[in-house]
Amino acid sequence: MKREIIITSDGSSTIHIPEWDEQYHSKHGAIQEAYHVFIKNGFQYFNELDSSTTNQNISILEIGFGTGLNAFITFIEAKKLNRKIDYFGVEAYPVSFDEVEKLNYSKTLESGQYDDVFSKMHNLSWEEKHEITKDFSLTKQKKFFDEIEAINQFNIIYFDAFGARVQPELWTELIFLIMYKALKTGGVLVTYAAKGSVRRAMQAVGFTVERLPGPPGKREMLRATKAINN
Ligand SMILES: C[S@@+](CC[C@H](N)C(=O)[O-])C[C@H]1O[C@@H](n2cnc3c(N)ncnc32)[C@H](O)[C@@H]1O
């Protein structure tokens, strides 16, 4: 499918798929959305819950590595919070080097000293664990989401698939059961989506689900917890 780079309302770029009229991020601001949904309500939230074990690595699975924006802002945030991260990105259709060069995240985030990290994340080989720094490892896996077989492995899942309007098969009980199994007990899954059918599919496989205020342009988002007493 044809993909083109566009600029969103906060000045950060994203990829647009004309055939589906769908974007990799919100048109109201790619960085703002990523920060609100995945960092604030995912990583920062979990970090506060888990404050007694700050010496342990947090393991994060991203559903749809795409442009690498979530991985990059997680890297920057982990530096600020002084947390060690093992990051896993699953992606069936990686972006091209040409596309990566056109994304303006390093510039928009004014990430200065970490500028080379974004391109490094894309240049690293797939299917292998790489130490970006001694405190941040990245493993990219080129496969479909329904091929994930991890059990009790992750503290956090960033569920960032395309919307149910274009890929309804990715918002089903089948997929959320895979996510539920992949999370450790006490782990959380965050997503920008807020549809009732998505919330019910999460609850049906055992998640405890909260509706939270959404990022700019969206009323709500969801956070699902694999509760300790389930
Ligand atoms: C909303 S975009 C992801 C955005 C990404 N998190 C980012 O920050 O750029 C959804 C991603 O899922 C990937 N994808 C779509 N269907 C998939 C599938 N069945 N299995 C694995 N990846 C898939 C797409 O190629 C795309 O990169």
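Begin by selecting Glu91 together with the ligand: an N or O atom in the side chain of Glu91 lies 2.5 Å from an oxygen atom of the ligand. The model on display is predicted.

Keep the ligand in view and add His25. Here a polar side-chain atom of His25 is placed 2.8 Å from a ligand oxygen atom. Next, select Phe145, where the contact involves the backbone: one of its polar backbone atoms is 3.1 Å from a nitrogen atom of the ligand. If a surface is now drawn, the extent of enclosure may be examined. On its own the ligand has 600 Å² of accessible area, and the protein covers 96% of it.

Expand the selection to the residues around the ligand, which number 20. Among these, Glu62, Gly64, Thr67, Glu91 and Asp160 come nearest. Colouring this shell by residue class gives 10 nonpolar, 6 polar and 4 charged residues. Glu91, the starting point of the tour, is thus met again as one of the nearest residues.

Now leave the ligand and select residues 4-7, which form strand β1. Adding residues 13-17 brings in strand β2, which runs antiparallel to β1 and is joined to it by 4 bridges. Within this pair, select Ile5 and look across to β2: Ile15 stands opposite.

Finally, add residues 22-23, strand β3. The view then holds an open sheet of 3 strands, in the order β1-β2-β3 and with antiparallel pairing. Strands β1 and β3 are the edges of this sheet, each pairing on one side only. In general, the strands of a sheet pair through backbone hydrogen bonds; displaying the backbone atoms is therefore a suitable last setting for this view.

Technical notes:
Residues are numbered from 1 along each chain as its sequence is written. This is a predicted model: local features need pLDDT of at least 70, side-chain atom pairs count only at pLDDT 80 or more; totals for chains, interfaces and linings use all residues. Side-chain values use heavy atoms; hydrogens and water are left out. Two strands pair if DSSP finds at least two bridges between them. Helices (H or I, at least four residues) and strands (E, at least two) are DSSP runs, numbered from the N terminus. A residue is near a molecule or strand if one of its heavy atoms lies within 4 Å of it. A polar contact is a pair of N or O atoms within 3.5 Å; within protein, one must be able to donate a hydrogen and the other to accept it, and residues adjacent in sequence count only if both atoms are side-chain atoms. Accessible areas come from the Shrake-Rupley method with a 1.4 Å probe; for residues, only the protein chains shown count as cover. Ala, Val, Leu, Ile, Met, Phe, Trp, Tyr, Cys and Pro count as nonpolar, Asp, Glu, Lys and Arg as charged, and the others, Gly among them, as polar.
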